Amino acid sequence: MTFFHPTNALYAKYLLIKGGVKMENNITNHSSLEEKIARNYERICNKMPKEAEAYRSLLDQLKAANLNKYAIGQNQVMPPFLLPDENGSLVEMEDLTSEGPLVITFNNGHWCTFCEIELANLCEYHMEIKAGGASVVAISSMNRWAARQLADRLNLTFPILTDVYNGYALLLGLAVRLAKPFCRLSYPVTRHENTANDVER
């Protein structure tokens, strides 16, 4: 079985869409986010060394993949999407962009503590982004039931759209094939112990 990983949770980047065109990255102040990610990685190194090694392998894989060459670039037209949210309602990109700019963040799933940290951090800025006239959505490979649980647990104020097989992320060039060490650790039957309650807000 082949798994793909949407990349930007590790890079802490967002897509800002205005009129269906990718405009820019890094729309928030990421200093605090970078610190939270660094602390989370240090915690994983101390408590789960095998998982830490898998993340190091993934980062090496992402660097070697040269994603900037293949991912959608600035000022390129974004392909439209029609995806269900965590409540099962279909959400269309055109409807969101008709109201103003759209911020999209791509995340792996509830099993990824880095993704949870990024979502919680973006939620802190959501009202500021909304006040500027933009909407926010997350796109994840989780099913909608897992997305609903994650949204409730993190008290997210924006929807999580489900792209279960990462088809849309692949279309944008934002997903990579996972190496075997990361597959074995990233898709367990149950969550790793001590991860569920350690997400920083």
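Where in the chain does Asp163 lie? I started my notebook with that residue, working from a predicted model.

**Entry 1: Asp163**

I found Asp163 in the loop between strand S8 (160-162) and helix H8 (167-171). Next I asked whether Asp163 is buried or exposed. Its relative accessibility is 7%, and buried means under 20%, so Asp163 counts as buried. I then looked at what surrounds this aspartate. Setting aside residues within four places in sequence, I listed Leu83, Ile139, Ser140, Ser141, Tyr168 and Ala169 as the contacts of Asp163. Ser141 is 22 residues away along the chain, yet the C-alpha atoms of Asp163 and Ser141 are 4.9 Å apart. I also noted a polar contact: the side chain of Asp163 reaches the backbone nitrogen of Gly167 at 3.1 Å.

**Entry 2: Asn166, in that loop too**

Asn166 also sits in the loop between S8 and H8. I checked its backbone and found phi near 60°, which is positive in a residue other than glycine. Asn166 counts as buried because its relative accessibility is 5%.

**Entry 3: the whole chain**

I stepped back for an overview. The chain has 201 residues, and 49% of them count as buried. I counted 9 helices and 9 strands. How much of the contact network joins residues at least 24 apart? Taking contacts between residues at least 6 apart in sequence, I get 74%. The accessible surface comes to about 10,100 Å², and carbon and sulfur atoms hold 52% of that area.

**Entry 4: the cores**

A reminder to myself before this one: in soluble globular proteins, nonpolar side chains tend to be buried together. The largest nonpolar core here has 33 residues. Which residues have the most contacts inside it? My list reads Leu119, Ile129, Met142, Leu156, Phe158 and Ile160. Helix H2 (31-47), helix H3 (49-65), helix H6 (113-131), strand S7 (135-140) and helix H7 (144-154) each give this core at least two residues. H6 supplies the largest share, with 8 residues. I followed up Leu156 and found that it touches Leu119, Cys123 and Ala151, once residues up to four places away in sequence are left out. Another core, of 19 residues, lies apart from the largest one, and its members include Met93, Leu96, Ile139 and Tyr168. Two of those names were familiar: Ile139 and Tyr168 are among the contacts of Asp163.

**Entry 5: helix H7**

Which residues of H7 are buried? I wrote down Ala146, Ala147, Leu150, Ala151 and Leu154. Looking down the helix axis, I see that these buried residues fall within an arc of 135°, so they line one face of H7. The pattern goes with a general point: an α-helix has 3.6 residues a turn, so residues three or four places apart point the same way. Trp145 and Gln149 are exposed on the other side of H7. H6 and S8 are included in what covers the buried residues.

I looked at both ends of the helix as well. At the N-terminal end, Asn143 acts as the cap, with a side-chain oxygen 3.1 Å from the backbone nitrogen of Trp145. After H7 comes Asn155, with a positive phi near 55°. Asn155 lies in the loop between H7 and S8. Asn155 is exposed, because its relative accessible area is 54% and the cut-off for exposed is over 50%.

**Entry 6: Glu86**

Is Glu86 buried or exposed? I found it buried, with a relative accessible area of 8%. Its place is the loop between strand S4 (82-84) and strand S5 (90-92). A polar atom of the Glu86 side chain lies 3.0 Å from the backbone nitrogen of Ile160. Leaving out residues up to four places away in sequence, Glu86 touches Arg144, Ala147, Arg148, Ala151, Pro159 and Ile160. Ala147 and Ala151 were already in my notes as buried residues of H7, and Ile160 as one of the residues with the most contacts inside the largest core.

**Entry 7: cysteines**

How many disulfides does the whole structure hold? My search found 0. I still checked two cysteines for burial. Cys112 counts as buried at 1% relative accessibility. Cys123 is buried too, with a relative accessible area of 16%. Cys123 had already come up as a contact of Leu156.

Notes:
Residues are numbered from 1 along each chain as its sequence is written. This is a predicted model: local features need pLDDT of at least 70, side-chain atom pairs count only at pLDDT 80 or more; totals for chains, interfaces and linings use all residues. Side-chain values use heavy atoms; hydrogens and water are left out. A nonpolar core is a set of buried Ala, Val, Leu, Ile, Met, Phe, Trp, Tyr and Cys residues joined through side-chain atoms within 4.5 Å. Buried means under 20% relative accessible area, exposed over 50%, partly exposed in between (1.4 Å probe, protein chains only). Helices (H or I, at least four residues) and strands (E, at least two) are DSSP runs, numbered from the N terminus. Contact means heavy atoms within 4.5 Å. Accessible areas come from the Shrake-Rupley method with a 1.4 Å probe; for residues, only the protein chains shown count as cover. A polar contact is a pair of N or O atoms within 3.5 Å; within protein, one must be able to donate a hydrogen and the other to accept it, and residues adjacent in sequence count only if both atoms are side-chain atoms. The arc is that of the directions from the helix axis to the C-beta atoms. A disulfide is a pair of cysteine sulfur atoms within 2.5 Å.
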